[in-house]
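Please open the structure in a viewer and keep the sequence at hand. The tour proceeds by selection, with a short account of what is found at each stop.

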Amino acid sequence: MKVLVTGAAGFIGNYVSRALIRRGDDVVGIDNFNEYYPRRCKQFNVDLINILAGLPIETPLDEIQNVFEKMESYYPKPTGKLGSFKFYEMDITDAEKVNEMFRTEGIDAVIHLAAWGGVPMSVQKPVTYANVNVVGTVTLLDACRNFGTKKFVFGGSSSVYGNRDDKKVSETDDVMHAVSPYGATKVSGEVLCHAASVVYGLDVCVDRIFGPIYGPLQRMYGMFMQRAINFAYNGKEISIYGSKGLDTAKDSTYIDDQVDGLLLLLDHKTKFDVFNIGTSDPQPIRLWLDIIGKVLGTPVKYKLVESDKGDVVSSADISKAREMLGYEPKMNMEEGVRRQVEVFQMMPEWYKTMDNV
Ligand SMILES: NC(=O)c1ccc[n+]([C@@H]2O[C@H](COP(=O)([O-])OP(=O)(O)OC[C@H]3O[C@@H](n4cnc5c(N)ncnc54)[C@H](O)[C@@H]3O)[C@@H](O)[C@H]2O)c1
């Protein structure tokens, strides 16, 4: 199967691309290297895919080779033929280029992950978020219609649920109360997907992703675990702005569990369906800080600051994904953090000392 992965240079996108290639699918990746975090990190991600697919890379080999080998060592060695990879630097809102690429490639299915992510930034740049997350999504849906693509997996977000305190949210809950522009764009994306499934006959699955997704090379900016590791390494103090301070607990999913969910959705036969993909087991920030400090061998220094109004606590009811897809999150939190720290420590100095993460 030829699968288009949008946002392939991003955190989740590069893992999904590598998982598809390992299982023998051909991947077309697109990304515009937006300025949310440095291009160098995204090129590193693309080069992890390139190495796996046997393609040339731009990152110096001595920076990436050991990291690549370590990260691949977490998976069983593929036994079959690997899939191929082709990368386009492209903006998903550029309808002409997107359509041209669909025409050239003949895409069977799309896993749509390209977006502006993160709640606080969306409050600063709502128009940018709406343009990419909404117009970009409809541009891809339209290209699927134009070129007969059959399946679309939408990278949605738990932010669609708004603030539900400690309630476990399920897919039948109302999603009209997003509390950030980011959450609102993800609701819009889902509704556009639903409309496309009706009027274009496209098969769609929505993954309501429960994050922060963590694991090696976690998205660089605005992600709590990565920031804690980076700040501890650089002797800085991290600000905790969750709505319940150290007791703020999010349904953080390990990257491989999230990728499993996305691939199950890709293979799931349906006209339209929505699934929560998380752990259903949110853990408080104090425990994350404790584990990260232990693994690093240095306590994480922190201060509590005023909570961010758009920040939502989240806990997923994942019984639907368990029953209908056989989805089961497997990663133990300590092992997940250990891997994230292990890979962080192998990264070049420019990465470890990056500012404003
Ligand atoms: N990481 C999480 O915790 C989390 C939680 C919930 C939902 N999600 C969703 O998962 C998806 C991937 O998240 P991520 O953590 O990998 O983020 P990321 O920022 O690492 O990856 C997103 C990628 O999309 C690309 N992109 C942005 N605008 C683009 C455009 N106009 N054209 C082409 N490419 C563009 C970016 O350059 C980036 O590489 C996003 O849709 C995000 O909203 C992530």
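What should the 13 residues of helix H9 (residues 255-267) span at 1.5 Å a residue, and how far apart are its end C-alpha atoms? The expected span is 18 Å and the end C-alpha atoms are 19 Å apart, which agrees; the expectation is 1.5 Å times one less than the number of residues. Helices (H or I, at least four residues) and strands (E, at least two) are DSSP runs, numbered from the N terminus.

Two remarks on the model are needed. Residues are numbered from 1 along each chain as its sequence is written. The model is predicted: local features need pLDDT of at least 70, side-chain atom pairs count only at pLDDT 80 or more, and totals for chains, interfaces and linings use all residues.

**Stop 1: helix H9**

Keep H9 selected. Of its 13 residues, 10 are buried; a residue is buried if 20 or more other C-beta atoms, placed from the backbone, lie within 10 Å of its own, exposed if 12 or fewer, and partly exposed in between. Among the buried residues are Ile255, Val259, Leu262 and Leu266. Now add the elements that cover them, which include helix H1 (11-22), strand E5 (151-157), strand E6 (203-209) and helix H11 (319-325).

**Stop 2: helix H8**

Select helix H8 (residues 224-233), where 8 of the 10 residues are buried. Phe224, Met225 and Ile229 are among these. The buried residues of H8 pack against strand E7 (238-240), H10 and H12. After H8 comes Gly235, with a positive phi near 65°.

**Stop 3: helices H10 and H12**

Two packed helices are described by the angle between their axes and the distance between the axes. Select helix H10 (residues 285-296) and helix H12 (residues 333-346), whose axes come within 10 Å and cross at roughly 50°. Axes are lines fitted to C-alpha atoms, for helices over the stretch in contact, and angles run from 0 to 180 degrees between N-to-C directions. H10 and H12 are therefore oblique to each other; angles under 35 degrees count as roughly parallel, over 145 as roughly antiparallel, 65 to 115 as roughly perpendicular and the rest as oblique. The crossing of H10 past H12 is right-handed, meaning that the near helix is turned clockwise from the far one by less than a right angle.

To see the contact, show Ile291, Ile292, Val295 and Leu296 of H10 with Met333, Glu334, Val337, Arg338 and Val341 of H12; residues are in contact if their C-beta atoms, placed from the backbone, lie within 7 Å. By class, 7 of these residues are nonpolar, none is polar and 2 are charged. Ala, Val, Leu, Ile, Met, Phe, Trp, Tyr, Cys and Pro count as nonpolar, Asp, Glu, Lys and Arg as charged, and the others, Gly among them, as polar.

**Stop 4: helices H3 and H12**

Retain H12 and add helix H3 (residues 61-72): the axes come within 9 Å and cross at roughly 165°. That makes H3 roughly antiparallel to H12. Asn66, Val67, Lys70 and Met71 of H3 meet Glu342, Val343 and Met346 of H12. This contact has 4 nonpolar, 1 polar and 2 charged residues.

**Stop 5: two single residues**

Select Met1, in the segment before strand E1 (2-6). Is Met1 buried or exposed? Met1 is partly exposed, with 16 other C-beta atoms within 10 Å. Not counting residues up to four places away in sequence, Met1 touches Asp25, Asp108 and Ala109.

Finally, select Gly326 in the loop between H11 and H12. Gly326 is exposed, with 9 other C-beta atoms within 10 Å.

How values were computed: Contact = placed C-beta atoms within 7 Å.
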